[in-house]
There are 2 protein chains.
Amino acid sequence: MQKKAQALVKKSGEVSPRQQIAALVAEGSLTDPDSPRGRLLHAAARLFEQKGFARTTVRDIAAEVGILSGSIFHHFASKEDILCTVMQEVTIYARARMAGAVALAASPREKLRACILCELEAIHGLAVPGFSILVAEWRSLSADSQKKVLRQRDEYEQIWLETIADTHCPGGDAALVRRLLLGALSHTHSWFKPRGRGLSLAELADRVLSIFAPA
Amino acid sequence: MQKKAQALVKKSGEVSPRQQIAALVAEGSLTDPDSPRGRLLHAAARLFEQKGFARTTVRDIAAEVGILSGSIFHHFASKEDILCTVMQEVTIYARARMAGAVALAASPREKLRACILCELEAIHGLAVPGFSILVAEWRSLSADSQKKVLRQRDEYEQIWLETIADTHCPGGDAALVRRLLLGALSHTHSWFKPRGRGLSLAELADRVLSIFAPA
DNA sequence: AACGCTACCAAGCAAGCGCTTGGTATTCAA
DNA sequence: TTGAATACCAAGCGCTTGCTTGGTAGCGTT
């Protein structure tokens, strides 16, 4: 009932992942996922997420797209360059997606719910793999690479901070709440399995919301 | 005032980290930190925490205690064996410490506060390094090693689950709340700096408590 | 004095790693 | 028809990695 109505409202304004990506590719913010470089990024994101950066070899990534390991370096300067690019692009995409969802939400609290759900979906790779490595593999990046990613990340975090500040959240300042939330949400990657008849991501988002922003 | 009184109460029943460790060494649960093996474990825990398991070499660990890399394998079967042992022992110690703190707390909510503070202190290496790798490096363990650590970990988690169940926490079942809490707390390792005139660990624990168990 | 035990060294092996080099096939614009 | 650009292969280099081997020094016990 209320759920159905909400779903309809959402659908009317929602953009599909493909459209979203295509638009970002067109404006030059993202690599075309159908290009060789894009396929490499996709494979690398999946592998980094699954096995970790250090335990993933360039040979693994190359094999995943059916080329030899040396050929990778026609597309990227180094293995770290791949990780850095994945992190940047995944952040850009997640930001666009979250901004869209937030814009569609009516109340501040629903905006926060949208942020939580968006990040949960990103962490669990619903549209694009690689988001969870932003937290898990942060230390695998050199200081220079971290700076590059941070530039994108700041824009992403600003949406969060504004949304939290507009909602009534206990526990103090928005930055602190955001950090606790990020920890709680990113850790779900290691225990939450959307497949199965347990909690759905949307239900999980509601639980989290009820803790961090009690009605 | 109330704070002082509470501090006194705590001190009267508290056991110092050294005593705690000595007792666990005596009962055979922990390696003597003054033995060569113990020194290796300590060094490994520090390095794994700082640089990650994969980026820490056995040569690094050996150098830290002043021996050659090959000599490590008189004390441990493999590099993974070191990680596994560190995780087991760090869990055993954290459990003993948390059990003591919980026993001293009066109300259910204060018990939960004690758990939160204990885990925060463990994560930030107040008595012994290595706790944060339980989450960060879990995937670096083989399935067999994970089983061994899980045996200790279950005892540790049981304290948490009982304490949460006894407190009034929003958000549903204790297991879910615990998982969100673990994520939030372990992630503090990558942003919270106790040094400085910002928040203290105890204050941070209060903030977290106010979110997860509103008064 | 002889023994065994613990702790360690010296040297190095085999495997795997990121990355380089020089060259080739294909495509498409001029 | 030529030329440049793209995408890739084949081969392998230099280095690091976890771990092994055979041996030694020091210690406490009998």
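1. A quick word on helices before anything else: helices (H or I, at least four residues) and strands (E, at least two) are DSSP runs, numbered from the N terminus. With that in hand, His74(B) is easy to place, as it sits in the loop between helix H4 (58-65) and H5 of chain B.

2. Some housekeeping. This is a predicted model, in which local features need pLDDT of at least 70 and side-chain atom pairs count only at pLDDT 80 or more, while totals for chains, interfaces and linings use all residues. Residues are numbered from 1 along each chain as its sequence is written, and chains are lettered from A and ligands numbered from 1 in the order in which they are written.

3. Back to that loop in chain B. His74(B) counts as exposed because it has 9 C-beta neighbours inside 10 Å. The cut-offs are these: 20 or more other C-beta atoms within 10 Å of a residue's own make it buried, 12 or fewer make it exposed, and anything in between is partly exposed, with C-beta atoms placed from the backbone. His74(B) is 37 residues along the chain from Arg37(B), and their C-alpha atoms are separated by 9.3 Å.

4. Now the DNA. A residue is near a strand or molecule if its C-beta atom, placed from the backbone, lies within 6 Å of it. Strand C has 15 residues around it, and those that come nearest are Thr57(A), Gly70(A), Ser78(A), Ile67(B) and Gly70(B). For strand D, also with 15 residues around it, the nearest are Ile67(A), Gly70(A), Thr57(B), Gly70(B) and Ser78(B).

5. What kinds of residues make up these surfaces? Near strand C there are five nonpolar, eight polar and two charged residues. Near strand D the residues likewise divide into five nonpolar, eight polar and two charged. Here Ala, Val, Leu, Ile, Met, Phe, Trp, Tyr, Cys and Pro count as nonpolar, Asp, Glu, Lys and Arg as charged, and the others, Gly among them, as polar.

6. On to where the protein chains meet: 25 residues of chain A are in contact with 25 residues of chain B. Contact means that the C-beta atoms of two residues, placed from the backbone, lie within 7 Å. On the chain A side, helix H9 (174-187) and helix H10 (201-212) each supply at least two residues. The largest share, eight residues, comes from H9(A). By type, the side of chain A that touches chain B has twelve nonpolar, nine polar and four charged residues.

7. Next, the inside. The largest nonpolar core has 107 residues, and Ala44(A) and Ala44(B) have the most contacts inside it. Such a core is a set of buried Ala, Val, Leu, Ile, Met, Phe, Trp, Tyr and Cys residues joined through C-beta atoms within 7 Å. Helix H5 (residues 79-104) of chain B gives the largest share of this core, eleven residues.

8. Take a closer look at position 44. Ala44(B) is found in helix H3 of chain B and is buried, with 28 other C-beta atoms within 10 Å. Setting aside neighbours within four places in sequence, Ala44(B) contacts Ile61(B), Ile82(B) and Val86(B). With that exclusion applied in chain A, Ala44(A) contacts Ile61(A), Ile82(A) and Val86(A).

9. How do H3(B) and H5(B) cross? The axes of H3 (residues 36-51) and H5 in chain B come within 10 Å and cross at roughly 95°. That makes H3(B) roughly perpendicular to H5(B). From H3(B), the contact uses Leu41(B), Ala44(B), Ala45(B) and Phe48(B), and the H5(B) residues include Ile82(B), Val86(B) and Val90(B). Overall the contact divides into eight nonpolar residues, one polar and one charged.

10. Two more residues of chain B to click on. Cys84(B), in helix H5, counts as buried with 22 C-beta neighbours inside 10 Å. Beyond four places in sequence, Cys84(B) touches Leu141(B), Ser145(B), Lys148(B) and Val149(B). Ile159(B) lies in helix H8 (residues 143-166), and with 19 C-beta neighbours inside 10 Å counts as partly exposed. Leaving aside neighbours within four places, the contacts of Ile159(B) are Arg95(B), Met98(B), Ala99(B), Val102(B) and Cys115(B).

Definitions and conventions: Axes fitted to C-alpha atoms, helices over the stretch in contact; angles between N-to-C directions. Parallel < 35°, antiparallel > 145°, perpendicular 65-115°, else oblique.
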